[in-house]
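I opened this entry to record what I looked up about a pair of helices, a nonpolar core and the surroundings of a ligand. I kept the notes in the order in which I made them.

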Amino acid sequence: MIRYRDVLRSIFSILLCVVSCLVSANGQRNAASAAAFEAMLPVLHHPRCMNCHSAGDFPRQGDDSHPHAMNVRRGPEGRGVTSQKCSTCHQDHNLAGLHMPPGAPDWQMPPRNTPMIWAGLTDNQLCELLKEPKQNGHRNIDQIVEHMTTPKLVLWGWNPGEGRTPVPMSQADFAAKVKEWAVGGAVCPAASSSASHAATQ
Ligand code: HEC
Ligand code: HEC
């Protein structure tokens, strides 16, 4: 004879298994997305990116990220100040020769209101900043993916001109990690798991 209580117990344990399986699949998805973000960090932290995304109201130069020569400033729109616009020296392509201005279409820094300063942020804070519409140019996740994988200004990091070190990961690998991060829900690394990134202050 089947006892009512046993039936209930089995149903309960089946349910429990289904729920825990779902939770752990979701957990794995989250972990994979956050891990993909961490794999993007060597690019995001690289001087080729940080020289426009570091602290201060000016761009930086070189692998040591020293302040831009000639006291170049961000300006309200990120295009420099009246006397010294970025476009006076920077063209839409790299100029040939050592220490010549690098270039890409629309060469500028982020504007003063949304300066996208990454220096000093933990991995979690950087990830949250990239997703913040008020800071990232009102982009949703798909548009962030597009921004990191298509504009010439970002792709310049892979072709930075004579004498400059390109970012340390192939463009295809970086694009794959960005997409993996987004598909998994654009999950950020845990707030506690990352130390403040003090480089290029
Ligand atoms: C010459 C300066 C410059 C360099 C170098 C640069 N950026 Fe940017 N970056 C900008 C500007 C300007 C914006 C703001 C653009 C906007 O809002 O339309 C920006 C914004 C961003 C954003 C925020 C938008 C979003 O979708 O969240 C990301 C991400 C980004 N850049 C990635 C990179 C990466 C990756 C590199 C290096 C491979 C890089 N940038 C190098 C100027 C630069
Ligand atoms: C007077 C000319 C001039 C102006 C104006 C100027 N730059 Fe530059 N910039 C240069 C030169 C030249 C270099 C290359 C220096 C070198 O390689 O030693 C350079 C290098 C850079 C680099 C370094 C790239 C790297 O990773 O090493 C960045 C970033 C940059 N400029 C951003 C800007 C931005 C943004 C503006 C406007 C706000 C601007 N520059 C205005 C001449 C200029």
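I began with the contact between two helices, where I found that Ile141, Val145, Met148 and Thr149 in H5 meet Ala175, Val178, Lys179 and Ala182 in H7. Sorted by class, this contact of H5 with H7 has six nonpolar, one polar and one charged residues. I note that the model I am reading is predicted.

I then looked up the geometry of the pair: H5, residues 141–149, and H7, residues 171–183, pack at an angle of about 175°, and their axes are 10 Å apart. Since angles over 145 degrees count as roughly antiparallel, H5 is therefore roughly antiparallel to H7.

Next I turned to the largest nonpolar core, which has 17 residues, and in which Phe37, Met40 and Trp181 are those with the most contacts inside it. I checked which elements give two or more residues to this core, and they are helix H1 (4–44), helix H4 (123–131) and H7. The largest share, six residues, comes from H1.

I followed Trp181 further and, leaving aside its neighbours within four places in sequence, I found it in contact with Ser33, Ala36, Phe37, Met40 and Ala186.

Last, I looked around ligand 2, where Pro59, Gly80, Cys86, Cys89 and His99 come nearest among the 24 residues that surround it. Helix H2 (47–53) and helix H3 (86–89) each supply at least two residues of this shell, and the largest share, four residues, comes from H2. By class, I recorded ten nonpolar, eleven polar and three charged residues in the shell around ligand 2.

Definitions and conventions. Residues numbered from 1 in each chain as written. Chains lettered and ligands numbered in written order. Predicted model: local features only at pLDDT ≥ 70, side-chain atom pairs only at ≥ 80, totals over all residues. Axes fitted to C-alpha atoms, helices over the stretch in contact; angles between N-to-C directions. Parallel < 35°, antiparallel > 145°, perpendicular 65-115°, else oblique. Contact = placed C-beta atoms within 7 Å. Nonpolar A, V, L, I, M, F, W, Y, C, P; charged D, E, K, R; others polar. Core = buried A, V, L, I, M, F, W, Y, C linked by C-beta atoms within 7 Å. Buried ≥ 20, exposed ≤ 12 C-beta atoms within 10 Å, placed from the backbone. Near = placed C-beta within 6 Å.
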